[in-house]
Amino acid sequence: MYNYKLSLEYAQQQDQEDPLNSYRSQFHLPKDNLGNPLIYMTGNSLGLQPKTTKTAVNQELEDWANLGVEGHFEAKNPWLPYHEFLTESMAHVVGAKPIEVIVMNTLTANLHFMMVSFYQPTKERYKILIESDAFPSDKYAVESQLRHHGYDDKDGVVLWKPRPGEDLLRYEDLETILEEQGDQIALIMIGGINYYTGQFFDLKRITNLGHKSGCKVGFDCAHGAGNVALNLHDSGADFAVWCTYKYLNAGPGSLAGCFVHERHANNKALNRFTGWWSHNKKTRFNMRGEFDQLPGAEGWQLSNPPILSMAAIKASLDIFSKVGIENLVNKSKKLTAYFEYLLKQLGDDTISIITPSNPDERGCQLSIQVKNADKVLHDKLTKTGVISDWREPDVIRCAPVPLYNSFEDVYRLVEKLKGILNE
Ligand SMILES: *Cc1c(COP(=O)(O)O)cnc(C)c1O
């Protein structure tokens, strides 16, 4: 599709022609002891810090120092409605309507709160279907929900597995599972992009299949938000959750996102855990009235949120609003395809890419499987100034992030890998 060439000059020329190349300088790039920037390939684990974050957080610290409690109303960005400043841009990032999106809590916590509402097991229909290589936290969360409702966590988990000798999941196999036991499955909960293989699932297809069998469908989009066009609203999923510290660059452990489809926005009968922040904003501070449920995703909030973390999210989302997720995805596809091209040019059969080769079935991450490898290869790569991620037993994950990684980064990374493989 692209006409790539194998030289440093070509990579640098691509960077010059890249319409998004100015964004790299808006981030702090980690450096080695000598002050040289490292090749950072782990934005899928912890995104880099935008240079605007410090100012945004300092603004709230200053308003707190100067205003105390009055900051709820008088701060430059008043704290009381602060989460509303994030909603529209976050909704755009994940392809949702503002009423469907809320920033709150942390990721696994949101997953549990969503299951309180969308995992309503009965004696006949109580199982939860997840992908066999789900992120451990998701697996633990799902198992504990089963136990919480009094079900066996072995019998109750249905795994969607790759076929023997394969790494990726096939939709035909999901269809077969649903044909055989769809009427026992209460919830389908899949990682929208698998953290290990980088496979980006067709959320709409999975949702349709699930709904046809009478299951609720939710996605953990931790590896999707800020990385691919998720189109959550159009997917029809009942809910989705994601974090903001990976591709959304909002800082370690920052608050998470949550999507509840519009069709549930006014359903007060839906079971949920509530707090004063799920209550009607207009009467929240009367403090003594009956509970009055807020409509939309906001109605799942519990607490007044941590503003310092939200300030970092706001700084980051402002960048996403300027770039536009569509432009970002365009660059991402080109950059990752270049990475793939360079890896293939190595012609080394000790390495293979397990991530799908179809650009629509992946984000920016490529998972590289190394034959008979142990962690030594990864450690050597680290010594050459590459920050990548090793997953047992034999996979290196590299995520060239279109906001701050360059074609030159990718070129240099593959050159270093080549040097190590040829040793
Ligand atoms: C990163 C990630 C998590 C981490 O959960 P936290 O609650 O943020 O610690 C969970 N699930 C998936 C799929 C992830 O990628």
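This passage walks through the sheets, the core and several individual residues of the structure shown above. The model is a predicted one, and the description starts with the strands before turning to single side chains.

A good place to begin is the open sheet of 7 strands, whose order is β2-β8-β7-β6-β5-β3-β4 and whose pairing is mixed. At its edges stand β2 (101-104) and β4 (157-160); each has a single partner strand, so one side of each is left without a neighbour in the sheet. Ignoring direction, neighbouring strands here are turned by 20° against each other on average. Within this sheet, strand β7 (residues 239-243) and strand β8 (residues 256-260) run antiparallel and are joined by 5 bridges. Ala240 has Phe259 of β8 standing opposite. Helix α5 (residues 107-118) packs on the sheet, where this helix touches β2, β5 (185-191), β6 (216-220), β7 and β8. The direction of α5 makes about 170° with that of β7.

The second sheet to visit is also open, with 4 strands in the order β9-β10-β13-β12 and antiparallel pairing. Its edge strands, β9 (351-353) and β12 (389-391), each pair on one side only. From one strand to the next, the twist averages 30°. Strand β10 (residues 366-370) is paired with strand β13 (residues 395-398) over 4 bridges, in the antiparallel sense. Here Leu366 is found opposite Cys398 in β13. Helix α11 (residues 325-345) lies across β9, β10 and β13, and runs at about 20° to β10.

From the sheets, the view moves to the interior. The largest nonpolar core holds 67 residues, and Trp160, Trp242 and Leu403 are those with the most contacts inside it. Helix α10 (residues 307-323) supplies the largest share of this core, 9 residues. Residues are given to the core by both domain 1 (8-37 + 324-421) and domain 2 (58-322), so the core lies between them. Helix α10 also carries Ser309. With a relative accessible area of 17%, Ser309 is buried, because the cut-off for that class is under 20%. Apart from residues up to four places away in sequence, Ser309 touches Ser254 and Leu255.

Another serine offers a second example. Ser235 has its place in helix α9 (residues 232-235) and counts as buried at 3% relative accessibility. Not counting residues up to four places away in sequence, Ser235 touches Leu203, Lys204 and Thr207. Ser235 and Asn208 are 27 residues apart in sequence, with 8.3 Å between their C-alpha atoms.

Some positions carry annotations. In an unreviewed entry, UniProt lists Leu107, Thr108, Phe135, Pro136, Ser137, Asp138, Asp220, His223, Tyr245, Trp276 and Asn304 under "binding site". These positions are spread over 198 residues of sequence and are also spread in space, up to 31.5 Å between C-alpha atoms.

Two of the listed positions can be looked at in turn. Phe135 sits in the loop between β3 (127-131) and α6 (136-148). Its relative accessible area is 32%, and Phe135 is therefore partly exposed, a class that lies between the 20% and 50% cut-offs. Setting aside residues up to four places away in sequence, Phe135 touches Tyr195 and Lys246. Asp220, in contrast, is found in strand β6 and is buried, with a relative accessible area of 5%. Beyond neighbours within four places in sequence, Asp220 is in contact with Leu107, Asp138, Met189, Ile190, Gly191, Gly192, Ile193 and Val241.

The last stop is Lys246, which UniProt lists, again in an unreviewed entry, for "modified residue: N6-(pyridoxal phosphate)lysine". Lys246 is found in the loop between β7 and β8, and counts as buried at 7% relative accessibility. Not counting residues up to four places away in sequence, Lys246 touches Gly43, Asn44, Ser45, Leu46, Gly47, Phe135, Ala222 and His223. Among these contacts, Phe135 and His223 also appear in the "binding site" list.

Terms used:
Residues numbered from 1 in each chain as written. Predicted model: local features only at pLDDT ≥ 70, side-chain atom pairs only at ≥ 80, totals over all residues. Heavy atoms only, no water. Pairing = 2+ DSSP bridges. Helix = DSSP H or I, 4+ residues; strand = E, 2+ residues; numbered from the N terminus. Axes fitted to C-alpha atoms, helices over the stretch in contact; angles between N-to-C directions. Contact = heavy atoms within 4.5 Å. Core = buried A, V, L, I, M, F, W, Y, C linked by side-chain atoms within 4.5 Å. Buried < 20%, exposed > 50% of the residue type's maximum accessible area, 1.4 Å probe, protein only. Domains from an automatic or database assignment. UniProt positions renumbered as here; feature names shortened; annotations may be inferred.
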